[in-house]
Amino acid sequence: MTATQTKFPIDLNAYKPLKLDPTVSQLTDDQRETLKANIQLIRDAIVFFTATGAARGVGGHTGGPYDTAPEVAILDAFFRGNPNKFVPVFFDEAGHRVATQYLMAAIYGELPAEQLLRYREAHSKLPGHPELELTPGVKFSSGRLGHLWPYINGVAAANPDRVVCCLGSDGSQQEGNDAEAARMAVSQNLNVKLFIDDNDVTIAGHPSHYLKGFSVAKTLAGHGLTILEGNGEDLDDLYRRMCQAVTTDGPVAVINQRKMATGIDGIEGSPHGHDVIPVDAAIKYLDAQGRSDAANFLKQIEKPKNPYSYLGSSDEVGSNRNVFGETVASILSDMDAETRKANVLCIDSDLEGSCGLKQIRQATPDIFLSGGIMERGNFSAAAGFGMEAGKQGIFATFSAFLEMCISEITMARLNYSNVLCHFSHSGIDDMADNTCHFGLNNMFADNGLDDGHDTKLYFPADAGQMAACVKAVFHDPGMRFIFSTRSKVPNILDTDGNDFFGEGYSFTPGKDEVIREGTAGYVVSFGDALHRALDAVERLKQEGIDVGLINKPTLNRVDEDAIAKIGASPFVLVVEAFNRRTGLGSRFGSWLLERGLTPKFAHLGTYREGCGGLWEQYPHQGIDPDSIMAKVKELVG
């Protein structure tokens, strides 16, 4: 079944373009019925094609775009009714609500409806967050919460005679960026209108529970915005408030309370609605809406599997991001409660289930803090707790957001803080969210000076090494950054077929490891690139090219014995999923030259925008086994 062969099973031509004048704040009966029909069509279509992402294992975020369908339908009518009054773009500070952008592009005829059937697939140009100039009909890029409102302040300044609209969320509004944006919008009287879905749901829970005292309305009112608050599912009241917002001079926030995924049995009002709807729930919903063709389509989708079989690693795979949490939880559980409470604080940034912190919360809730979507502040709080000798903060979030914390990392270092940081979703593997969520610039964490507070960066290769690494460095002083991938990874095997990091293995910080000996030269790798490099090395050996493989789990320390060994060989090839411009390879050549070592040198890393999908990101970047083999042959040739 392919998108080019299959018709989109929901007729998007049923959407009736409507022109509305916001100076008239009361709907006619016909206008109301048309809006209701359009909203239902949007919601049905979003449930359906995001569920194709669930069926294919690429995720999809259903609840947010489903929630905001009423606002989108009304804004569309405003844009059509008076395009010169508005910047006609559905700006959205919650980039995971990208289904809205794709659906409206299809409704406007800029994207074939059938392409929606390939939502988040590799090479479909429909990644998990909008990317300008990638997808036809998409008019902006977004993805990291709190980044878009400051940006559209500039758009408003560039278009002083037009209204700029932005779909917001209570999650995005937790970010400090939005507080700064609010202050500028008010001080400059920018004609920015926010339509905020205040559903009291984020990934890890309910803001009303974990951020007591936080109110979107009171916060924005405190900054000086005009606030129009009400029930987002009351169409007439919503329309009246939206009319008032776009006809009022200056910044206005229309705050819409509703349950997450209202009307969808099984996920309504729960954090499960934040991500993609389960296929069975989507089928039940679509059948209830009379969309049997769409429901039947979902039943026929088969989840694709990576057909590649890697040499040198096991069929068994482990989730390093969860192993981090399990290992920390076991260490904390062995402490007496009083000592643990006095010396450790773990702070989550709404990603506990994705970063392994859920296991820590369940095992030791006494030292766990749900900090909300505030990475900078949460990191600094963890660092402040770890300011005294013997105390440490534990912090975790996605690697893409490490870049947001660089200044805070510097200040923590200058304060000699002890922080154990876990940055998951490093690199590119299994990242249908695509470019904005790639964890590429992790080496930025090592931004201190040579005589500064100790900082080490670790990227274990498999579950065994992750557990050993955490145990080895947990009690170390200083700043420790441990990286993991979104993807599960296989166990690395030795030449006898046993787990390399199995029974009897202990992790030594700063030590590189010879995974395979070789005489023709060495590949240097780490993390989830290691098992791919190992496959390439094994295949090259079968072809008579005796290549070795070095694992470098401590990324920012030179192992003098290992580099001397590597430097005496004919070539070295660094293979990583980090940014080619800022990753390990950008340092390794300098390390060699500083020691007078001059083997042939090459470096493979992430160098281009993503392609969506899961494992497909690796060959797209030219760091898959075939690409590694080709580069080695070029070097030995």
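This report describes the fold of one predicted protein chain, then a helix pair, an enclosed helix and several single residues.

**The chain as a whole**

The chain contains 23 helices and 18 strands. Its radius of gyration is 26 Å, close to the 26 Å that the globule rule gives for 637 residues, so the chain is as compact as a globular protein of that length. The C-alpha trace spans about 80 × 60 × 45 Å along its principal axes.

Of the 637 residues, 62% are buried; a residue counts as buried when its relative accessible area is under 20%. The chain exposes about 23900 Å², and carbon and sulfur atoms supply 48% of that area. Among contacts with a separation of 6 or more, 79% are between residues 24 or more positions apart.

**Two helices that cross**

Helix α12 covers residues 320-333, and helix α18 covers residues 463-473. Their axes come within 9 Å and cross at roughly 35°. The crossing of α12 past α18 is right-handed. On the α12 side, the contact is made by Asn320, Val323, Phe324, Thr327, Val328 and Ile331. On the α18 side, the contact residues are Ala463, Met466, Ala467, Val470 and Lys471. Sorted by type, the residues of this contact are eight nonpolar, two polar and one charged.

**An enclosed helix and what follows it**

Helix α4 spans residues 98-107, and ten of its ten residues are buried, so α4 is largely enclosed by the rest of the structure. Its buried residues include Val98, Tyr102, Leu103, Met104 and Ile107, but also Thr100 and Gln101. What do the buried residues of α4 pack against? They pack against three helices, α1 (29-56), α2 (63-67) and α3 (69-81), and against strand β1 (91-92).

After α4 comes glycine 109, which has a positive phi near 80°. The loop between α4 and α5 (148-158) holds histidine 123. Leucine 117 is also placed in the loop between α4 and α5. The relative accessibility of leucine 117 is 2%, so this residue counts as buried. Leucine 117 and phenylalanine 324 are 207 residues apart in sequence, and their C-alpha atoms are 36 Å apart in space. Phenylalanine 324 is one of the α12 residues in the contact with α18.

**Residues with positive phi**

The table lists two residues that have a positive phi although they are not glycines.

| Residue | Phi | Place |
|---|---|---|
| Histidine 123 | about 65° | loop between α4 and α5 (148-158) |
| Tyrosine 416 | about 55° | loop between α17 (406-414) and β10 (419-424) |

Is tyrosine 416 buried or exposed? Its relative accessibility is 52%, so tyrosine 416 counts as exposed, the limit for that class being over 50%.

**A buried strand residue**

Valine 344 is in strand β7, which runs over residues 344-348. With a relative accessibility of 4%, valine 344 counts as buried. Which residues does valine 344 contact, leaving aside its neighbours within four places in sequence? They are Leu332, Met335, Ile367, Phe385, Gln392 and Ile394. Valine 344 and glycine 386 are 42 residues apart in sequence, while the distance between their C-alpha atoms is 7.8 Å.

Terms used:
Residues are numbered from 1 along each chain as its sequence is written. This is a predicted model: local features need pLDDT of at least 70, side-chain atom pairs count only at pLDDT 80 or more; totals for chains, interfaces and linings use all residues. Side-chain values use heavy atoms; hydrogens and water are left out. Axes are lines fitted to C-alpha atoms, for helices over the stretch in contact, and angles run from 0 to 180 degrees between N-to-C directions. Helices (H or I, at least four residues) and strands (E, at least two) are DSSP runs, numbered from the N terminus. A crossing is left-handed if the near helix is turned anticlockwise from the far one by less than a right angle, and right-handed if clockwise. Contact means heavy atoms within 4.5 Å. Ala, Val, Leu, Ile, Met, Phe, Trp, Tyr, Cys and Pro count as nonpolar, Asp, Glu, Lys and Arg as charged, and the others, Gly among them, as polar. The radius of gyration is taken over C-alpha atoms; the globule rule is 2.2 Å times the number of residues to the power 0.38. Buried means under 20% relative accessible area, exposed over 50%, partly exposed in between (1.4 Å probe, protein chains only). Accessible areas come from the Shrake-Rupley method with a 1.4 Å probe; for residues, only the protein chains shown count as cover.
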